[in-house]
Amino acid sequence: MELGLVRRMWQLLEPIHATLYYAPEAFARAAELGFDVETRWPSYFAWRSAPLGAASAELVAATFYSFDPGMV
């Protein structure tokens with residue numbers, strides 16, 4: 001795949017991605033659900049792992065293997 005195309009796709013799609021995780025409305029909803037919103041990580045992992053359904057902490061930590069499990 002051409003790297004220029006990949007970079008262009010990232011530039012076009014990243015604003016949508018950022019809106020999903022970092023919009024004030026997303027933080028407000030996360031706070032309503034009881035997540036700590038002082039930092040971005042608690043709601044970030046919640047939104048990202050939501051498609052897994054009622055997943056265990058172990059499954060979510062394994063899914064985000066590149067992060068420190070304590071952070072997840």
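**Group meeting: a helical model, from arginine 29 to the core**

Arginine 29 is found in helix α2; helices here are DSSP runs of H or I of at least four residues, numbered from the N terminus. Before I go on, a word on the source: this is a predicted model, in which local features need pLDDT of at least 70 and side-chain atom pairs count only at pLDDT 80 or more, while totals for chains, interfaces and linings use all residues. Residues are numbered from 1 along each chain as its sequence is written, and side-chain values use heavy atoms, with hydrogens and water left out.

Let me stay with arginine 29. Its relative accessibility is 42%, so the residue counts as partly exposed; the scale is buried under 20% relative accessible area, exposed over 50%, and partly exposed in between, with a 1.4 Å probe and protein chains only. What does arginine 29 form a salt bridge with? The partner is glutamate 32, and the closest N and O atoms are 3.0 Å apart. By salt bridge I mean a side-chain nitrogen of Lys or Arg within 4 Å of a carboxyl oxygen of Asp or Glu. A search of the whole structure finds 1 such bridge. The two residues are about one helical turn from each other because they sit 3 residues apart in helix α2. Glutamate 32 counts as exposed, at 59% relative accessibility. As a general point, side chains of opposite charge can pair when their charged atoms come close.

From arginine 29 we can cross to helix α3. The C-alpha atoms of arginine 29 and serine 43 are separated by 9.3 Å, with the two positions 14 residues apart in chain numbering. Serine 43 lies in helix α3 and, at 1% relative accessibility, is buried. Setting aside neighbours within four places in sequence, serine 43 is in contact with Phe27, Ala30 and Asp36, where contact means heavy atoms within 4.5 Å.

Which residues of α3 are buried? They are Ser43, Tyr44, Phe45, Ala46 and Ser49. These buried residues pack against α1, α2 (24-32) and α4 (57-63).

Serine 49 belongs to α3, which spans residues 41-49. Its relative accessibility is 11%, which means that serine 49 counts as buried. A polar atom of its side chain lies 2.7 Å from the backbone oxygen of phenylalanine 45. Beyond its neighbours within four places in sequence, serine 49 is in contact with Val60 and Phe64.

Those two contacts lead to the core. The largest nonpolar core has 5 residues, namely Tyr21, Tyr44, Phe45, Val60 and Phe64; a nonpolar core is a set of buried Ala, Val, Leu, Ile, Met, Phe, Trp, Tyr and Cys residues joined through side-chain atoms within 4.5 Å. Valine 60 is found in helix α4 and is buried, at 12% relative accessibility. Not counting residues up to four places away in sequence, valine 60 touches Ser49, Leu52, Ala55 and Val72. The C-alpha atoms of valine 60 and valine 72 are separated by 7.4 Å, although the residues are 12 apart along the chain. Under that sequence exclusion of up to four places, phenylalanine 64 touches Phe45, Arg48, Ser49 and Val72.

I close at helix α1, residues 3-22, where leucine 5 lies. Leucine 5 is partly exposed, with a relative accessible area of 41%.

Note on methods: Polar contact = N/O pair within 3.5 Å; in protein donor to acceptor, adjacent residues only side chain to side chain.
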